[in-house]
Amino acid sequence: ILNENKLRDIIRAEFKQNVNEDVEGEGSSDRTSQAFSVVRFCSDRSAFLEHDSLPETLAAFIYGKPELPGSLVHFHFFEPRYKVMIKEAMEDREKRFLYLYTRPAAGEQQLGSEEGKSLIGQCGVVMSVEDCIFEDDGSANIRGICGPRIRVTDIVEQRVFEGYPLSELSYEVITDRPPTNDEDRKEIADTARRYEYLVHEIFRFFPRAKIESRLGIAPSSSHPENFSLWLAKWLQGIDYSAQGLSLETEKTLVRLKSFGSTLESMYDTLKARHEQCER
């Protein structure tokens with residue numbers, strides 16, 4: 001499976017070939033350009049996943065569809081509360097807000113202490129805005145990248161706009177808990193390696209560019225948490241309940257096992273079709 005280091009090797013090899021052919025300082029092929037583009041894409045996306053300098057509180061966009069770290073999303077904000085949220089995010093909040101996933105009805109209660117309580121413990125991601133275009137009425141079209149996973153710890157403030165609250169929330173960053181024994185550690189490593197092999201095999205039959213242009217390059221199985229989140233984005237894209245579990249759980253093995261049968265089935269189906277076409 002390609003990764004950033006392999007792409008950088010492609011770039012170095014292209015330039016080295018040109019030097020050997022006495023072409024001074026010039027990268028020749030479309031392959032070089034594509035490799036540079038993918039490296040930049042991955043580097044830009046990786047920067048948004050850092051969580052060392054996040055604000056202590058952020059305003060929250062509440063939605064019933066989960067998103068996972070590294071996802072590229074597009075929104076049109078038109079509600080009064082969210083027009084205020086995105087304006088303040090762009091001006092004062094380092095272009096960030098919380099994208100908060102709520103189970104059905106959790107964010108739809110009446111304004112007051114009960115709604116605040118319903119948001120505490122909910123999970124989501126820190127959203128970083130890449131591009132934002134404001135309309136004359138204050139609505140906004142944005143493209144954003146989902147950053148670290150978070151869990152709400154407290155509701156700090158609520159402001160009401162035309163009867164609907166905009167919540168300012170404190171939160172903690174979620175990362176998977178490390179395995180506590182060698183048996184679990186081995187099972188996670190073996191499962192991740194098996195799934196990495198399956199992804200590599202699937203890409204023999206399936207256009208990988210279609211996946212990687214949307215999700216980025218798959219992390220190595222040597223980083224099981226990141227690898228499992230990448231797989232969840234791909235395999236659980238329309239299963240909100242399963243993707244919600246992948247967002248909320250702090251157990252890598254639980255996440256890996258939640259879509260293992262889907263990955264195995266996809267591989268078996270594509271392999272069978274390929275073998276049938278070759279007959």
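Is Glu-88 buried, partly exposed or exposed? Glu-88 is partly exposed, with a relative accessible area of 23%. We will come back to this residue in point 5, once the surroundings are in place.

1. **The chain as a whole.** Please keep in mind that this is a predicted model. The chain has 279 residues, and 42% of them are buried. Its secondary structure comes to 10 helices and six strands. If you take the contacts between residues at least 6 apart in sequence, 71% of them join residues at least 24 apart. The accessible surface is about 15,100 Å², and carbon and sulfur atoms account for 49% of that area.

2. **Strand S6 and its neighbours.** A good place to begin is strand S6, residues 164-173, which is mostly covered, with seven of its 10 residues buried. S6 pairs with S5 in the antiparallel sense, over 10 bridges. In that pairing, Ile-150 stands opposite Val-173. The two strands form a hairpin with two residues between them, and in the turn Glu-162 has a positive phi of about 50°. S6 also runs antiparallel to strand S1 (residues 57-63), to which three bridges join it. Here Ala-59 is the residue opposite Glu-168 of S6.

3. **An aromatic cluster.** There are 14 aromatic pairs in the structure. Take Phe-61 and Tyr-63: their ring centres are 5.5 Å apart and their planes lie at 20°, under the 30-degree limit, so the pair counts as stacked. The two residues differ in cover, since Phe-61 is buried at 7% relative accessibility, whereas Tyr-63 is partly exposed at 40%. Now turn to Phe-77 and Phe-97, whose ring centres are 5.7 Å apart; with planes at 80°, this pair is edge-to-face. Phe-77 sits in strand S2 (residues 72-77) and Phe-97 in strand S3 (residues 96-101), so to speak a link between distant parts of the chain, 20 residues apart. Both of these phenylalanines are buried. All four residues belong to one aromatic cluster, together with Phe-75, Tyr-82 and Tyr-99.

4. **Helix H8 and a buried glutamine.** Which residues of helix H8 (residues 240-248) are buried? They are Ala-242, Gln-243, Gly-244, Ser-246 and Leu-247. These residues pack against strands S3, S4 (123-134) and S5 (140-161), and against helices H7 (224-235) and H9 (252-258). In the loop between H7 and H8 you will find Gln-236, which is buried at 3% relative accessibility. The side chain of Gln-236 makes a polar contact of 2.8 Å with that of Ser-246 and another of 3.0 Å with that of Ser-258. Leaving aside residues up to four places away in sequence, Gln-236 touches Leu-231, Ala-242, Gln-243, Ser-246, Ser-258 and Phe-259.

5. **Salt bridges around helix H3.** Side chains of opposite charge can pair when their charged atoms come close. The whole structure holds 20 salt bridges. One of them joins Lys-87 to Glu-91, with the closest N and O atoms 3.1 Å apart. Both residues lie in helix H3 (residues 80-92), four residues apart, or about one turn of the helix. An α-helix has 3.6 residues a turn, so residues three or four places apart point the same way. Lys-87 is partly exposed at 44%, while Glu-91 is exposed at 51%. Glu-88, from the opening question, has a salt bridge with Arg-159, the closest N and O atoms being 2.9 Å apart. This pair links distant parts of the chain, with Arg-159 in strand S5 and Glu-88 in helix H3, 71 residues apart. Arg-159 is partly exposed, at 26% relative accessibility.

6. **A salt bridge across the hairpin strands, and a network.** Glu-172 and Arg-151 form a salt bridge whose closest N and O atoms are 3.6 Å apart. Because Glu-172 lies in S6 and Arg-151 in S5, the pair ties together parts that are 21 residues apart in sequence. Glu-172 is partly exposed at 38%, but Arg-151 is buried, with a relative accessible area of 19%, under the 20% limit. Elsewhere, salt bridges that share partners join Arg-149, Asp-176, Glu-225 and Arg-255 into one network.

Definitions and conventions: Residues numbered from 1 in each chain as written. Predicted model: local features only at pLDDT ≥ 70, side-chain atom pairs only at ≥ 80, totals over all residues. Heavy atoms only, no water. Phe/Tyr/Trp six-rings, centres within 6.5 Å; stacked < 30°, edge-to-face > 60°. Buried < 20%, exposed > 50% of the residue type's maximum accessible area, 1.4 Å probe, protein only. Contact = heavy atoms within 4.5 Å. Pairing = 2+ DSSP bridges. Areas by Shrake-Rupley, 256 points an atom, 1.4 Å probe, with all protein chains shown as cover. Polar contact = N/O pair within 3.5 Å; in protein donor to acceptor, adjacent residues only side chain to side chain. Salt bridge = Lys/Arg side-chain N within 4 Å of Asp/Glu carboxyl O.
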